[in-house]
Amino acid sequence: MLTPLDIHNKEFKRSFRGYNEDEIDDFLDQVVNDYEKLFRENDNLKEELARMKKDNAQYQKLENNLKETLLIAQKTANEVTDTAKQHAENLRESTAKECQNMRRDAEISARQMVEAADHQVKSATVEYCRLVEAKSQFLYQIKAALESELAVLHDAIDRLPRQQTTAPQQEEKTEANPAAPQENAPAADAVQKG
């Protein structure tokens with residue numbers, strides 16, 4: 001890819017009855033300025049994209065941590081339930097009266113622990129959903145910003161002056177001025193190729 005310095009340092013060969021050097025220099029200065037703006041803007045967009053990727057990686061890490069937390073909460077709830085059932089089973093083997101009282105207490109305690117664990121799981125699930133929604137909104141905002149910047153780039157590219165010299169137009173110029181020497185054609189081709 002050309003750099004603004006490459007365009008600035010470009011020199012053209014001189015030929016008899018060639019193009020006006022001042023016009024070429026002015027045009028090249030304009031191209032260098034526009035190209036340098038686009039070059040800087042492209043670098044800025046690359047930096048912004050890198051920042052967005054970094055933010056996205058942090059959100060993914062946070063999402064993984066939440067998943068792990070949910071798994072731990074579910075495992076804990078299962079362990080608490082299993083422990084409560086085992087405790088109730090051991091108490092049932094004791095005397096009938098004592099067993100009934102203790103079993104009732106254990107079931108109440110188990111329900112409370114399960115409800116507390118369920119509450120923790122629900123809270124973690126709600127937080128996870130909130131974070132997923134925040135991530136989604138953030139990504140949509142990034143997408144909209146990048147699309148907006150891309151539209152600005154397309155608009156800037158569309159506004160760039162375009163040098164189009166076709167063969168029929170050259171023939172019309174030659175027919176309009178038949179006395180003009182044909183030496184200009186190779187010079188024009190050299191400028192277009194440059």
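This section describes the helices, the nonpolar core and the charged side chains of a predicted model.

In this predicted model, the protein chain contains five helices and zero strands, and its elements, read along the sequence, follow the pattern α-α-α-α-α. Of the 194 residues in the protein chain, 15% are buried. The largest nonpolar core is formed by five residues, namely Leu66, Leu70, Ala124, Tyr128 and Leu131. Two elements, α2 and α3 (96-159), each give two or more residues to this core, and the largest share, three residues, is provided by α3.

Turning to charged side chains, the structure holds seven salt bridges, among them a pair within helix α2 and two pairs within helix α3. In helix α2, Glu36 forms a salt bridge with Arg40, with a separation of 3.4 Å between the closest N and O atoms; the two residues are four positions apart in that helix, which corresponds to about one turn. Both partners fall in the partly exposed class, because the relative accessibility is 31% for Glu36 and 47% for Arg40, and this class lies between the limits of 20% and 50%.

In helix α3, a salt bridge joins the side chains of Glu107 and Arg103 at 3.8 Å, N to O, and these residues, too, are four residues apart in the helix, about one turn. Glu107 is partly exposed at 37% relative accessibility, and Arg103 is likewise partly exposed, with a relative accessible area of 33%. A further salt bridge is found between Lys143 and Glu147, whose closest N and O atoms are 4.0 Å apart. Because Lys143 and Glu147 are four residues apart in helix α3, about one helical turn separates them. The relative accessible area of Lys143 is 46%, so that this residue is partly exposed, and Glu147, at 47% relative accessibility, also counts as partly exposed. In addition to these pairs, Glu63, Lys67 and Lys135 are joined into one network by salt bridges that share partners.

A patch of negative charge is present on the surface, where Asp22, Glu23, Asp25, Asp26 and Asp29 gather. Among these residues, Asp25 is located in helix α2, which spans residues 21-92. With a relative accessible area of 42%, Asp25 is partly exposed; this value satisfies the patch criterion, because membership requires over 30% relative accessible area.

Note on methods
Residues numbered from 1 in each chain as written. Predicted model: local features only at pLDDT ≥ 70, side-chain atom pairs only at ≥ 80, totals over all residues. Heavy atoms only, no water. Patch = residues over 30% accessible without salt bridge, like charges linked within 9 Å, V, L, I, M, F, W, Y side chains within 5 Å. Areas by Shrake-Rupley, 256 points an atom, 1.4 Å probe, with all protein chains shown as cover. Lys, Arg positive; Asp, Glu negative; His and termini not counted. Charge placed at Lys NZ, Arg CZ, Asp CG, Glu CD. Buried < 20%, exposed > 50% of the residue type's maximum accessible area, 1.4 Å probe, protein only. Core = buried A, V, L, I, M, F, W, Y, C linked by side-chain atoms within 4.5 Å.
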